[in-house]
Structure formats: structure tokens, C-alpha cells
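Reader: I'd like a close look at the surroundings of the ligand, atom by atom where you can. After that, carry on into whatever else is worth pointing out.

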Amino acid sequence: MNNSFPQHAALESLDVKDGCLQIGGMSLTRLVQRVGITPFYAYDRKKISERVALLRRYMPPEIQLYYAMKANPMPAVVQHLAKLVDGMDVASMGEMKVALDTPITSHRISFSGPGKRLEELRSAVASDVVINVESASEMERVVQCGEELGMLPRVSIRVNPDFELQSSGMKMGGGAKPFGIDAEQVPSLLQRISTLGLNFVGLHVFSGSQNLNTSAICEAQEKTIRLATKIAHQAGVAIPWLNIGGGLGVPYFPGQHPLDLAAVGERLHGLVYDIKQIFPNIEIAMELGRYIVAEAGIYVCRVVERKTSRGQIFLVTDGGMHHHLAASGNLGQVIRKNFPVLIGNKIHQNADDVVTIVGPLCTPLDILAEQIPVTRASIGDLVVVLQSGAYGLTASPVAFLNHPEPIEVLV
Ligand SMILES: *Cc1c(COP(=O)(O)O)cnc(C)c1O
């Protein structure tokens, strides 16, 4: 590729045969025939399994792995992951239903979200899942649901920590936040919890997301464990289970590097050892979404037009921002950067063209890649967006302009 362009980490490890991308052990062109129509998302089950295996290899053996379903709630993906992880974090009644369809026991499903409706809470109590309580008044509503149903609801408390995850793509804890209960208020709440008719299972601290900085992640994990210890001492209660969150990021943009998972694991071994000295029976969980699925997924669309405007080449495709908002740069990016994008049926050593790839929508926001080097492509060729297994279809405005929805397949 043209050396003047910054490289994507994801482009260095492609499986290519005769110039064609391979996914799930088959060529992209055959996969297109199998799916029968473009655009589509394809998720590679082997890559998902390998990701979990990598986590098992580097994380301390005591760590329970939870899958945060909002990253990719496709039922087939969730069913596949149910065989590999220890639990699921869900954030709506719809996600809870998908999790309850898997063989995972309800006690290993945790339900988070700052605005759970009464019917969601009732359904969660009746399902006997763990409710991550995010306010004192929500706790009262859970008690009420328990009384109505004659059940002892399982609850954990989601703590809004007194620190932030530094250099995080998305901060979800620290300062004033709608998520969780401020750490300062948790000890007094915990003292009341035993009198309320609730089964207290532990604490949940999620400080942020999409982090590629090893030391920032380790620091947040250390602070989380210290905070949980402090809360336990102040409240004078045992913490049976502690969910330390996740935040592990993936390289989406040029110049970003994969996380040093071995280094994260090494530090965590020490932290788990330390907290076990204080609470020998504590169970510790990590909760990951994108780290498990993002790199296992591709989005595929087809070139329907090739045109030149005032010297710039545009490839217009049958897919775009309505299917893949993140790649278009409209999902939380401040400065638009390109996801790794290539012509999947024509992968050659040298790029012939510099092109801008857009979707079919009548809006300048509908961009899949801006000014990238690619093999010369014509109508019918296949545009592939890598790193598309998380926050793809379900994070996109599919109804915008009313084009057909893309298909999803697990291969
Ligand atoms: C979104 C979310 C996650 C997953 O974040 P990723 O960056 O996909 O790993 C985990 N836990 C909670 C509470 C979340 O809201």
C-alpha cells in the first residue's frame, strides 16, 4: 500500500487467497453467494472463540468473563458466546430475553441501565437475574417487585466511582453521571439493604470503554478494587462478587495499536491476589463487549456507481451510515477517521486509486471511507469494512431513508 497513508493494524493480519478476503474458512465471493444479497454483516465464530481463549490465557483464572450484549446482540452470536463466557450483561428487557434463551443460568445474567421501567424490573425479578441497581429509588422499586412476586430479588449496586478511566474513548464513570450510585452514598445504602428483603450479591463498577492504554486500564482496575474494599469496610458488609468492568479497546483507526493484553493480565493477577488476602471468597468478574466481537465482524456492500467529481473518485455503494453509523464517523467521533476499508475481492499489494467511498443516502454524512488507497474498483466489486463486529447494525439508524435492512450471518 501507499506508504504516505497511515496503516491500519487490522490490515496487517488479513487472511487473503488469490486476492480475495477469506472469512470463516471461505472466500468472500462465495460468502456473498451464500448470503444471496448485499449489504450484510458477517461474524466469524472461530475468531470470537479465539478472542475468549486469549482472554482466558492472560487473565487470572479466577476472573469470570461476562459478555456485554449491547456490543452485538445477534441471537446466534449470543448463543455461541454463551458456551464460552461465564455470564452476560444485558441492558434492556429485549437483551434479557435473548440471554435467558441461552443455557446461561439466570444468576449469571446482570441487568444494567440507568432507566429501567417498572415492567422491566418486574420481569428481571421474576426471571431471577441480578439487577444492577443504579439509584436508591430504583432499589425501592425492586423491593416492591419482590414483595409483589413473593421473591427475594438479587441485586448488585452499580457504583459511580470517584475516579475516571483516563484516555478512554467513552467515559462512563467518575464525576457527575447518570449511571450508578455515587460511591460516597453506597456504604449507607448497603447498611440498609439487608433489612429490605433483597439478596445482595455485590458491586459493579464500570468506568469507561474503548481504551487502548494499558497503564490507564490497570490503574482503573486498581482504583476499582481499592474503592470496593473501602466501601466494604465503611459499610461493614462483605462483598461476595465484584464486577470490575472492562474497557478493553480495539484498534479502529490508522496508527492505533492492539492492547497489550498480557500486561493487563499480569497486573490483574497481582490485584486479585491482594484482594483475596482481604476477602478470600470474593468472586471477580470482568465485563467486555467490543473486545470480544469487534474484530470478528465485517460489513460487506457492493459498488453500484463509480464517478469522478472535479478530480476526486467516488465509489457509491448499496450500504452506508444507515447500516454502519460508526464507520461513517457519526457515532461519537469528534474528528472523522477511517475504519479499515478495502475492496474485498481485489486485494493486491499496490493500491491503484485514492477514493472516497459513500453510501446511497442523500446526505453528506453518508461516508464509509474518505480518501483511502484501494485497488481499482468498478461496479459490482465488494467493499469490506473491517472491525465491524461491535456497535454495527444495532447502533445504526436503519430506518433513515428507508433502504432495506442488511442481513447478519454467523459463519
Ligand atoms: C457498554 C457497556 C459495556 C461494554 O463496553 P465495550 O466497550 O463494548 O466493552 C460494558 N458494561 C457496561 C455497563 C456497558 O454499559
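Author: Let's start with Glu287: an N or O atom in its side chain is 2.5 Å from a nitrogen atom of the ligand. That's a polar contact, meaning a pair of N or O atoms within 3.5 Å; within protein, one must be able to donate a hydrogen and the other to accept it, and residues adjacent in sequence count only if both atoms are side-chain atoms. Bear in mind that this is a predicted model: local features need pLDDT of at least 70 and side-chain atom pairs count only at pLDDT 80 or more, while totals for chains, interfaces and linings use all residues. Numbering runs from 1 along each chain as its sequence is written, and side-chain values use heavy atoms, with hydrogens and water left out.

Two more residues touch the ligand through its oxygens. Arg290 has a side-chain N or O atom 2.7 Å from a ligand oxygen, and Gly289 uses its backbone, with a polar atom 2.9 Å from an oxygen of the ligand. Stepping back, 13 residues surround the ligand, and those that come nearest are Lys70, Ser209, Glu287, Arg290 and Tyr391 ("near" here means a heavy atom within 4 Å).

Tyr391 has a backbone quirk, too: its phi is near 50°, positive although the residue isn't glycine. It sits in the loop between strand 21 (382-385) and strand 22 (407-410). Strands (E, at least two residues) and helices (H or I, at least four) are DSSP runs, numbered from the N terminus. Another backbone oddity is the cis peptide bond from Thr38 to Pro39, with omega near -5°. Pro39 belongs to the loop between helix 1 (28-35) and strand 4 (40-43). For context, most residues other than glycine have a negative phi, and most peptide bonds are trans.

Now for helix packing, with a few terms up front. Axes are lines fitted to C-alpha atoms, for helices over the stretch in contact, and angles run from 0 to 180 degrees between N-to-C directions. Angles under 35 degrees are roughly parallel, over 145 roughly antiparallel, 65 to 115 roughly perpendicular, and the rest oblique. Contact means heavy atoms within 4.5 Å. As for classes, Ala, Val, Leu, Ile, Met, Phe, Trp, Tyr, Cys and Pro are nonpolar, Asp, Glu, Lys and Arg are charged, and the others, Gly among them, are polar. A crossing is right-handed if the near helix is turned clockwise from the far one by less than a right angle, and left-handed if anticlockwise.

Helix 2 (residues 45-58) and helix 3 (residues 75-82) have axes that come within 11 Å and cross at roughly 40°, so the two are oblique. The crossing of helix 2 past helix 3 is right-handed. Arg45, Ile48, Ser49 and Val52 of helix 2 make the contact with Val77, His80 and Leu81 of helix 3. By class, that's 4 nonpolar, 2 polar and 1 charged residues.

Helix 2 also meets helix 9 (residues 261-278): their axes come within 8 Å and cross at roughly 40°, so this pair is oblique as well. Here Leu54, Leu55 and Tyr58 of helix 2 touch Leu261, Ala262, Gly265 and His269 of helix 9. That contact has 5 nonpolar, 2 polar and no charged residues.
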